[in-house]
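Let's walk through this model together, beginning with the residues around its main pocket and working outwards from there.

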Amino acid sequence: MMERITIRLPPQQVAMLEKLVDAGEFPTVSEAVRYAVRELIEKKANRVLRDSEQISFEV
């Protein structure tokens, strides 16, 4: 099950997301945002998890 969140984006970013959908890159704006979030998590999550583990071991 997916949870719903609300975000606010500048009009230019919304317009670009809509263009990506119109160009067939994504089926919906929501899917484009989910893709971007997955990419962010893949790039940043390991470092954040590693840092949080180091903090918990130091305490």
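Start with who lines the largest pocket: 9 nonpolar residues, 1 polar and 4 charged ones. Keep in mind that you're looking at a predicted model. The pocket these residues surround has a volume of about 440 Å³. Its lining runs to 14 residues, and the closest to the centre are Glu3, Ile5, Ser30, Val33 and Arg34.

Which helices supply that lining? Helix H1, residues 11-22, and helix H2, residues 29-58, each put in at least two residues. H2 gives the most, with 5 residues. If you're scanning H2 by eye, a bit of helix geometry helps: an α-helix has 3.6 residues a turn, so residues three or four places apart point the same way.

Now zoom out to the fold. The secondary structure amounts to 2 helices and 0 strands, so you can check H1 by a simple sum, because a helix is expected to span 1.5 Å times one less than its number of residues. For the 12 residues of H1 that gives 16 Å, and the end C-alpha atoms are indeed 16 Å apart, so the two agree. Just past the end of H1, have a look at the backbone of Gly24, where phi turns positive at about 85 degrees.

Next, the aromatic side chains. A search of the whole structure turns up 1 aromatic pair. It joins Phe26 and Tyr35, with ring centres 5.4 Å apart and ring planes at 55 degrees, so the pair is tilted. The cut-off matters here, because planes have to be over 60 degrees apart to count as edge-to-face.

Are the two partners buried or partly exposed? Phe26 has a relative accessibility of 16%, so it counts as buried, because the limit for buried is under 20%. Tyr35 comes out at 39%, so this ring's residue counts as partly exposed.

How much of the chain counts as buried? Of its 59 residues, 5% do, and Phe26 is one of the buried residues. As for the surface, the accessible area of the chain is about 5,700 Å², with 58% of it belonging to carbon and sulfur atoms.

Conventions
Residues are numbered from 1 along each chain as its sequence is written. This is a predicted model: local features need pLDDT of at least 70, side-chain atom pairs count only at pLDDT 80 or more; totals for chains, interfaces and linings use all residues. Side-chain values use heavy atoms; hydrogens and water are left out. On a 1 Å grid over the protein atoms alone, a cavity is a set of points where a 1.4 Å probe fits but cannot get out, and a pocket is an open set with protein on both sides within 12 Å along at least five of seven lines; lining residues have an atom within 4 Å of a point. Grid points are joined across faces, edges and corners, and a volume is the space filled by probe spheres set on the points. Helices (H or I, at least four residues) and strands (E, at least two) are DSSP runs, numbered from the N terminus. Ala, Val, Leu, Ile, Met, Phe, Trp, Tyr, Cys and Pro count as nonpolar, Asp, Glu, Lys and Arg as charged, and the others, Gly among them, as polar. Buried means under 20% relative accessible area, exposed over 50%, partly exposed in between (1.4 Å probe, protein chains only). Accessible areas come from the Shrake-Rupley method with a 1.4 Å probe; for residues, only the protein chains shown count as cover. Rings of Phe, Tyr and Trp (its six-membered ring) pair if their centres lie within 6.5 Å; planes under 30 degrees apart count as stacked, over 60 as edge-to-face and the rest as tilted.
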